[in-house]
Amino acid sequence: VVSTQSTWVPANTVFDRFPAYVDFDRNRNLCIGDHVLTWQCPRDPPTTGNFVCHDCAVCQPTFGGPHGPIGNYGHLHVKPTLESCLPVPCPLTSCCKKKTVGESEYNLVDANGLTEGFNCLNNCVYEKVGAPGSSFALQRESSCALLGN
């Protein structure tokens, strides 16, 4: 599925059925749905590619409640939805097991790495082939950035 709208959509969250309402969190103004099979479908490559789905197991979809800003009611809140997945939280993006940038090759070492503050595309952390212990992640503007050793 590819969006034909002018608005760029980084990922889609897909459920096997429309979730029934089971709870309302008044403090956060969120409607929480029943447990449903869920898939997260980020673009691959991230800015121009087709959507590629991976199984998130069973999650509780979370939607904006009736007391929030106009236009928020009924909209999916992706982060709390994916954090509710069992047995483990589902990542917002999927990581390729291997990446090649120029002539360098990298292997995935952590799909949920600590990449905040480095302007990275996602939380995927790679080790450069031939450089054990190195840590790299893809940046938004350039090929890759050294995150650690």
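How many bridges join strand β3 to β7, and in which direction do the two strands run? In this predicted model, strand β3, residues 30–33, is joined to β7 by three bridges, and the two strands run antiparallel. Within this pairing, Cys31 stands opposite Phe63 of β7. The surroundings of this pair are described below, after an account of the chain as a whole.

The chain contains twelve strands and one helix. Read from the N terminus, seven strands precede the helix and five strands follow, in the order β-β-β-β-β-β-β-α-β-β-β-β-β. Of the 149 residues in the chain, 32% are buried. The chain exposes about 9,400 Å², and carbon and sulfur atoms supply 55% of this area. Among contacts between residues at least 6 apart in sequence, 42% join residues that are at least 24 apart.

One open sheet consists of three strands in the order β2-β3-β7, with antiparallel pairing. Its edge strands are β2 (21–25) and β7 (62–64), each of which pairs on one side only. On average, neighbouring strands of this sheet are turned by 30 degrees against each other, direction ignored. Strands of a sheet pair through backbone hydrogen bonds, in either a parallel or an antiparallel manner. Here, β2 is joined to β3 by four bridges, and these strands run antiparallel. Asp23 has Ile32 in β3 as its bridge partner. On the β7 side, β3 is joined by three bridges, with Cys31 opposite Phe63.

Strands β2 and β3 form a hairpin with four residues between the strands. Asn29 lies in the loop between β2 and β3 and takes a positive phi near 55 degrees in this hairpin. Most residues other than glycine have a negative phi. Asn29 has a relative accessible area of 12% and is therefore buried, the cut-off being under 20%. A second residue other than glycine with a positive phi is Ala57, for which the value is near 70 degrees. Ala57 lies in strand β6, residues 54–59. The relative accessible area of Ala57 is 22%, so this residue counts as partly exposed.

A search of the whole structure finds two salt bridges. Side chains of opposite charge can pair when their charged atoms come close. One salt bridge is formed by the side chains of Arg28 and Asp25, at 2.9 Å from N to O. Asp25 falls within the residue range of edge strand β2 (21–25). The other salt bridge is formed by the side chains of Glu83 and Lys79, at 4.0 Å from N to O. Both Glu83 and Lys79 lie in helix α1, where they are four residues apart, about one turn of the helix. Lys79 has a relative accessible area of 54% and is therefore exposed.

Helix α1 spans residues 78–83 and also includes Thr81. Is Thr81 buried or exposed? Thr81 has a relative accessible area of 0% and is therefore buried, whereas Lys79 is exposed. The side chain of Thr81 reaches the backbone oxygen of His77 at 2.7 Å. Apart from neighbours within four places in sequence, Thr81 is in contact with Phe15, Cys59, Gln60, Pro61, Thr62 and Leu76. Several elements are represented in this list. Phe15 falls within the range of strand β1 (residues 11–15), Cys59 within that of β6 (residues 54–59), and Thr62 within that of β7 (62–64).

Strand β1, residues 11–15, also holds Asn12. With a relative accessible area of 30%, Asn12 is partly exposed. Which residues are in contact with Asn12, leaving aside its neighbours within four places in sequence? The contacts of Asn12 are Trp39, Gln40, Cys41 and Phe51. Asn12 and Pro42 are 30 residues apart in sequence, and their C-alpha atoms are 6.3 Å apart in space.

Technical notes: Residues are numbered from 1 along each chain as its sequence is written. This is a predicted model: local features need pLDDT of at least 70, side-chain atom pairs count only at pLDDT 80 or more; totals for chains, interfaces and linings use all residues. Side-chain values use heavy atoms; hydrogens and water are left out. Buried means under 20% relative accessible area, exposed over 50%, partly exposed in between (1.4 Å probe, protein chains only). Contact means heavy atoms within 4.5 Å. Accessible areas come from the Shrake-Rupley method with a 1.4 Å probe; for residues, only the protein chains shown count as cover. A polar contact is a pair of N or O atoms within 3.5 Å; within protein, one must be able to donate a hydrogen and the other to accept it, and residues adjacent in sequence count only if both atoms are side-chain atoms. Two strands pair if DSSP finds at least two bridges between them. Axes are lines fitted to C-alpha atoms, for helices over the stretch in contact, and angles run from 0 to 180 degrees between N-to-C directions.
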